Amino acid sequence: MAIKQYVVASFRDEDQLLPAVKKVRMQGYKLYDVFTPFPVHGLDAAMGLRQTALHTAGFIYGALGTATALLGMSWIFVVSWPLDIGGKPHFPLPSFIPITFELTVLFSAVGTTLTFCWLNQIMPGVKKHIFHPRQSDDRFVMAIEITPKTQVEEVKQFLLNNGAEEVQVQTAEEGWWYGLFSKREKYDDINPQWSVQ
Amino acid sequence: MEERFVIPRRFRNTSLIFISIGVLAFLAGLFGLHGDVGVKRFWSVLVFDSLFFLYISAASLFLYCAASLAQASWHIAYKRVIEAIMVNIPVFAIIAFIVLMAVLIGHKYFIYPWTDPQVLAHDTIVAGKTPFLNVKLFVIFTVIIMLGWSLLSLKLRQISLQEDRAERGVRRFLWKTIFFSAVFIAFYAVTISVSSWHWLMSIAARWYSTMYGWYVFAGSFISLMAIISLFVIAIKNSGQLSLVNKEHLHDLGKFIFAFSIFWTYIWFAQYFLLWYGNIPLESQYFRPQLWGHYRFWFLLDLVINFAVPFLLLMTRDAKRNYTTVTIIALIVFFGHWLDFYLMVMPTVLPTQGVVGWYEIGITLGFVGLMIGLVSRALSRAPLYPVNHPYLKEAIIHKSDWG
């Protein structure tokens, strides 16, 4: 993944964060992401996030589960090995329904969970750059991507004027990769202020 | 804030037209339906329609009490609509009581075969159920159940109206509502099962199902949700109840969606065990439906009560769309009317039942009565519960933060 530069601002309170996020977007700066210790109501609307496609994925996984169960059982009990069970017909639809239901739920639940992890880039053994060590504790952190057009000093001043507690420029690798947080990575040399000694 | 409900002309006209259709259908049925089939049709339609609307009103009281017990705020903005449906319990209870008593006094053995001395003399299975299925117990239970539901609905409505007239910020009424809600929930939990066994399940006197109480409850609750949605949307269309918005509609859509799945689960659990066991005594109940005269209605019942709401109300946007929710609510309401039809008709008339002018006419009469009574009850009180402590919370309610 590409290595990029970010302006990182931390806030003390979500009451300062929310208006700041709105103003940053109105100003036209490229908002990379916002990190909060707990879900902040209305933040996704303020960040302008679009509706997630997770529901659609869940529906498709569910439909796949339904198809797997029905087709699988039909093939086994009708084509491959027809058995006489209690004098029922070889295609007893009602007795297939519970298993179909279970497989639909199973496929849908497992698939949606994995897709959720993938979309949010969380998974055991996955490492991401952490912008602020207290972003999961008591600070609200906003990262703005620096593009060739960005006036870094102006952005810094803008954030400080809008309630940021501290503002700094960081260089970090975008996205996520396999690795452990206990292991030191190369780019720690680029951001010596957060490197684990 | 102190907003009064003005009954729109459309409500009044629809109600009057539907009631007159119902009365005409009743009179035409009384004098026009002759012979064995005609008489059976006349009585069984009256029985299941009056019980259907009584159960819907009772489900409204259940919703009111369950939400009050949970100290919920999501329903407060249209609490008066729920109240207006639940205060109709006495009216529908009187109608159902008259119909049931007429069935008993008129010796309509085809509705309740366990009242027939000849059946009791020859059928040991039905005769074995006499400790529960006898006229004395039936009348006592019917009176207790109908009186209990009616009195508690009037009591809860009275508390709610007292709150409107009292000073703002008095919490006494909240606790009073919670107390009587708890009383009703306990009473309803028992009576919904017992009443459904007596009033509906005993029509197929030899047959029984342990899921029946739940089945009737699920059907009536989802019909109620459809009716609340329709009333809320219709009142909004008439320019009133403007504080109710898409967030509240989303909740109603979720309820229709969730309870259609719940109903299907109950329906299937009942059907599946009888199908698997395949004991003639149990499976005979489904024979006219699955392989006989009612096959079309039986399959349609499943499609419009499960597949339609499940697939069409699945997305968030569909639940927040007034047109979609209106159409689905109408379909689901018809579907559960059909479900009640299938509880009674295939047993009484295994090969001759129809959905004709008489069935539709009587139902329209009840629908008209419902519209008229709900409009009247709504116009008797402020449209919003002005002194309810959760009113503000209900108005700014968001069903999700997406």
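Me: In this predicted model, over the face of which residue does K88(A) lie?
Reply: The model is predicted. K88(A) belongs to chain A, and the ring beneath K88(A) belongs to chain B. The distance to the ring centre is 4.9 Å. The residue is W275(B).

Me: How far from the ring centre of F173(B) does the charged end of R172(B) sit?
Reply: Both residues are in chain B. The charged end of R172(B) sits over the ring of F173(B). The distance to the centre is 4.8 Å.

Me: How many aromatic pairs does a search of the whole structure find?
Reply: The search covers all chains. One of the pairs is F221(B) with F259(B). The count is 67.

Me: What kind of aromatic pair do F221(B) and F259(B) form?
Reply: Their centres are 4.4 Å apart. The planes meet at 45°. Planes under 30 degrees apart would count as stacked, and over 60 as edge-to-face. The angle falls between those limits, so the pair is tilted.

Me: How many residues apart in sequence are the parts that the F221(B) and F259(B) pair ties together?
Reply: F221(B) lies in helix α9, residues 212-237 of chain B. F259(B) lies in helix α10, residues 246-277 of chain B. The pair therefore ties together parts separated in sequence by 38 residues.

Me: Is F259(B) buried or exposed?
Reply: Buried means under 20% relative accessible area. F259(B) has 18%. Its partner F221(B) has 2% and counts as buried. F259(B), too, is buried.

Me: What kind of pair do the rings of Y271(B) and F286(B) make?
Reply: The ring centres are 5.0 Å apart. The planes stand at 85°. Because planes over 60 degrees apart count as edge-to-face, the pair is edge-to-face.

Me: Where in chain B is F286(B), the partner of Y271(B)?
Reply: Y271(B) is in helix α10. F286(B) is 15 residues away in sequence. Y271(B) is buried at 8% relative accessible area, and F286(B) is buried at 7%. F286(B) is in the loop between α11 (280-283) and α12 (287-290).

Me: Which residues does V194(B) contact, leaving aside its neighbours within four places in sequence?
Reply: V194(B) is in helix α8, residues 172-199 of chain B. V194(B) counts as buried, at 12% relative accessibility. With near neighbours in sequence set aside, the contacts are F132(B) and F141(B).

Me: How far apart in space are V194(B) and F138(B)?
Reply: In sequence, 56 residues separate V194(B) from F138(B). The distance in space is taken C-alpha to C-alpha. The value is 9.9 Å.

Me: Which strands are at the edges of the open sheet in chain A?
Reply: Four strands form the sheet, in the order β2-β4-β1-β5, with antiparallel pairing. The twist averages 25° from one strand to the next. Each edge strand pairs on one side only. The edge strands are β2 (31-35) and β5 (166-173).

Me: Over how many bridges do β1 and β4 of chain A pair?
Reply: β1 spans residues 3-11 and β4 spans residues 140-145. F11(A) stands opposite F140(A) in β4(A). The pairing is antiparallel, and the number of bridges is six.

Me: At about what angle does helix α5 of chain A run to β5(A)?
Reply: Helix α5 covers residues 152-161 and lies across β1, β4 and β5. Helix α1, residues 14-27, lies across β1, β2 and β4, at about 15° to β4(A). For α5 against β5(A), the angle is about 130°.

Terms used. Residues numbered from 1 in each chain as written. Chains lettered and ligands numbered in written order. Predicted model: local features only at pLDDT ≥ 70, side-chain atom pairs only at ≥ 80, totals over all residues. Heavy atoms only, no water. Phe/Tyr/Trp six-rings, centres within 6.5 Å; stacked < 30°, edge-to-face > 60°. Helix = DSSP H or I, 4+ residues; strand = E, 2+ residues; numbered from the N terminus. Buried < 20%, exposed > 50% of the residue type's maximum accessible area, 1.4 Å probe, protein only. Lys NZ or Arg CZ within 6 Å of the ring centre and 35° of its normal. Contact = heavy atoms within 4.5 Å. Pairing = 2+ DSSP bridges. Axes fitted to C-alpha atoms, helices over the stretch in contact; angles between N-to-C directions.
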